[in-house]
Amino acid sequence: MGNAPKRSDLIFDAAGLSPAALARKHQLERDPSCRADVMAYLPGMEVIESDLKDRVRAAMAAYDPSRYTAADVRRTLEHNRISIDDLQALLSPAAAPFLERMAERARAETVRHFGNTVYIFTPLYIANHCENYCVYCGFNCYNPIRRMKLDKEQIEREMEIIAKSGMEEILLLTGESRSVSGVEYIGDACELARKYFRLVGLEVYPMNTDEYRYLRGRGADYVTVFQETYDVEQYEKLHLLGHKRVWPYRFDAQERALMGGMRGVAFSALLGLSDFRKDALATALHAYWLQRKYPEAEISLSCPRLRPITNHADVRPGEIGERELCQVLCAYRLFLPFAGITVSSRESASFRNGITKIVATKVSAGVSTGIGDHASKYGEESASEKEGDEQFEISDARSLAKMYADLTGEGLQPVLNDYVYV
Amino acid sequence: MPEDKDKLILGDSAFTSRFILGSGKYSLSLVKAAVEDAGAQIITLSVRRANTQEKENILDYIPKGVTLLPNTSGARDAKEAVRIARLARELGCGDFVKIEIMRDTKYLLPDNQETIKATEQLAAEGFTVLPYMYPDLNVARDLVKAGAAAIMPLGAPIGSNKGLATADFIQILIDEIELPIIVDAGIGAPSQACRAMEMGCAAVMANTALATSGDVPRMARAFRLAIEAGREAYRAGLGRVLARGAAASDPLTGFLR
């Protein structure tokens, strides 16, 4: 497992659970035999023909980061084109002393493909209901947080406030509850978003091709699905209940989204859940092979790390510091020079300022991970009981105006939208 | 003055500058200086960048009197390109359009087949159509038939700064096609732009070469000078280049009566 965190560090019992719920929760945690097969599809889940899963898993299993030496990394940095083996060298511990050189080269690639432009977007959580038990997540079904689902009027109100700030790209998020936040509900939100924004992304539960096609028709442009970890064994221990437990259905979500006509897809592992080097390799290869299969698809990567979550103060994320994260991102950039890289507000302002000059092409601003609280967060009214709890704490709370000014001050050109709906 | 007659004709318009400037990948605040230092009369812009309500719209940064050449980047087929071109017209970008159709997000290579279709449709709608294409003689002929106002072959993959990787094929287009041939994409240095002009290209388009340089306006000026030099050399007719050795001062066939 390398430097994966111990699962016991991630699990917590929130106060307020009924004895029955608590007993079921503990059973799921302690008795693997009561958990569903992590590789078995549930009824209604579409199965597509795709060998990507097997290829990614095989590459991950064969990867031994400790095998690489400084000489390998030096050789890699001389190569014009970064191969899969080069990528493995760049993600290895042996590459750590070469971080500055990697960053120089990564920066040159970023400038070549994107110039000095940086896109800005904001996420909007429209619901936080969730049917899954993922032990590390603040939205999990055994965490008795304030649940909420915005209705159409409330969504529109939030969008109005966000649009007024000047934002033109929005990412809509729900918790993963198909029964509460149905596909049609998400479609309604897309249609509203299309009124106020130029570009609409979705980060919701994975769905079938026809459902992605339906949402594309209602205004969605791209789909983000985080695999959390590509390490199936570890995945099984962390995602104990719900449709999210089905690892292969989640893996193929991006491909189904593209089959359904989405213009772009985004990938990520939640770095820190398992060996981050292997997860980074798998993420990059997932994106790389899918783009080869769908060359017209816009590909982007994110790089979340575990952060402290609501009702659970003492999570110890896996060992991935800012230097390691920077190394992963530089490796991504050198291997996939054309890919977008998004750095979220989970990271600090100083990290985001630095990383936008090296690899990042998109940052969020004006972020709230709570539900229905843009009015209070954007200073229009005071916080109320009607807001749902937040999924995790953010680190960089800059508004759009502040982010815009800061990027400009760094010599970068902020772009709020670069998209024509066709 | 004979120089006055050396004009680049695109559709119904004539230009004295043969440098088409790109506006992507660098700060909007530099656009005006770049145009001025480039001496450019045509500037390309991505419709998707202009299609914004943001406080900084690229259209506000382009000096008056410069012809806008909106491109259809982001289009994946002819239908999408046609829609984007119409949107450009609605946004007040005029009747010029540069067709860019890509089905590949990695290399951004143009789709020649779809480009022919879009050219035909947009020319019929009265646009002055400049299609970006992979240099293929048959496709170029089809584009002429479809109503293009110029042909824009790529020199190398877009943004690569690798220069005239396709020089031999561009030369064929120059030799065989009556329309202006404008090298688009790949030109990374003024020397490469100069060479394209010496070959007989009617104009050069550059963007990334400037955007990735240390000083955008200064590099714009360097390109202007190189393009002018190349054009003058072309008009003067380059002296011959000997493949090897020297020419005998007494002709080998001098004994013939």
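**Exercise 1. A hub of the core**

Which residues is Ile120(A) in contact with, leaving aside its neighbours within four places in sequence?

*Solution.* Keep in mind that this is a predicted model.

Step 1. Set aside the sequence neighbours within four places and list what remains around Ile120(A): Met167(A), Glu169(A), Val363(A), Ala365(A), Leu400(A), Met403(A), Tyr404(A), Leu407(A), Pro414(A), Val415(A) and Leu416(A).

Step 2. Now place Ile120(A) in its wider setting. The largest nonpolar core has 135 residues, and Ile120(A), Tyr136(A), Leu172(A) and Leu329(A) are the ones that touch the most other members.

Step 3. Look for the element that gives the most to this core: helix 13 of chain A (residues 276–293), with ten residues.

Step 4. Another core, of 62 residues, lies apart from it, and Leu68(B), Ile116(B), Ala220(B) and Phe223(B) are among its members.

**Exercise 2. A helix pair in chain B**

Describe how helix 1 and helix 9 of chain B pack.

*Solution.* Two numbers come first: packed helices are described by the angle between their axes and the distance between those axes.

Step 1. For helix 1 (residues 31–38) and helix 9 (residues 216–236) of chain B, the angle is about 20° and the axes are 7 Å apart.

Step 2. Angles under 35 degrees count as roughly parallel, so helix 1 of chain B is roughly parallel to helix 9 of chain B.

Step 3. Add the handedness: the crossing of these two helices of chain B is right-handed.

Step 4. Find the residues that meet. Helix 1 of chain B brings Ala33(B), Ala34(B), Asp37(B) and Ala38(B), while helix 9 of chain B brings Val216(B), Pro217(B), Ala220(B), Arg221(B) and Arg224(B).

Step 5. Sort them by type: six are nonpolar, none is polar and three are charged. Ala220(B), one of the residues in this contact, also belongs to the core of 62 residues.

**Exercise 3. A helix pair in chain A**

Do the same for helix 4 and helix 6 of chain A.

*Solution.*

Step 1. Helix 4 (residues 70–78) and helix 6 (residues 99–114) of chain A pack at about 15°, with their axes 11 Å apart.

Step 2. These two helices of chain A are therefore roughly parallel to each other, and their crossing is left-handed.

Step 3. Arg74(A), Thr76(A), Leu77(A) and Glu78(A) of helix 4 meet Arg101(A), Met102(A) and Arg105(A) of helix 6. By type, this contact splits into two nonpolar residues, one polar and four charged.

**Exercise 4. Positive phi without glycine**

For Leu108(B) and Ala185(B), give phi, the location and the burial class.

*Solution.*

Step 1. Leu108(B) is not a glycine, yet its phi is positive, at about 55°. Its place is the loop between strand 6 (96–99) and helix 4 (112–124) of chain B. With a relative accessible area of 34%, Leu108(B) is partly exposed.

Step 2. Ala185(B), also not a glycine, has a positive phi of about 85°. The loop between strand 9 (182–184) and helix 7 (190–199) of chain B holds Ala185(B). Its relative accessibility is 7%, so Ala185(B) counts as buried.

**Exercise 5. The surroundings of Ala78(B)**

Is Ala78(B) buried or exposed, and what is it in contact with?

*Solution.*

Step 1. Ala78(B) lies in helix 3 (residues 78–90) of chain B. Buried means under 20% relative accessible area, and Ala78(B), at 9%, is therefore buried.

Step 2. Beyond its neighbours within four places in sequence, Ala78(B) is in contact with Ile101(B), Glu114(B), Lys117(B) and Ala118(B).

Step 3. Finish with a distance: Glu120(B) is 42 residues from Ala78(B) in sequence, and their C-alpha atoms are 9.7 Å apart.

Notes:
Residues are numbered from 1 along each chain as its sequence is written. Chains are lettered from A and ligands numbered from 1 in the order in which they are written. This is a predicted model: local features need pLDDT of at least 70, side-chain atom pairs count only at pLDDT 80 or more; totals for chains, interfaces and linings use all residues. Side-chain values use heavy atoms; hydrogens and water are left out. Axes are lines fitted to C-alpha atoms, for helices over the stretch in contact, and angles run from 0 to 180 degrees between N-to-C directions. Helices (H or I, at least four residues) and strands (E, at least two) are DSSP runs, numbered from the N terminus. Angles under 35 degrees count as roughly parallel, over 145 as roughly antiparallel, 65 to 115 as roughly perpendicular and the rest as oblique. A crossing is left-handed if the near helix is turned anticlockwise from the far one by less than a right angle, and right-handed if clockwise. Contact means heavy atoms within 4.5 Å. Ala, Val, Leu, Ile, Met, Phe, Trp, Tyr, Cys and Pro count as nonpolar, Asp, Glu, Lys and Arg as charged, and the others, Gly among them, as polar. A nonpolar core is a set of buried Ala, Val, Leu, Ile, Met, Phe, Trp, Tyr and Cys residues joined through side-chain atoms within 4.5 Å. Buried means under 20% relative accessible area, exposed over 50%, partly exposed in between (1.4 Å probe, protein chains only).
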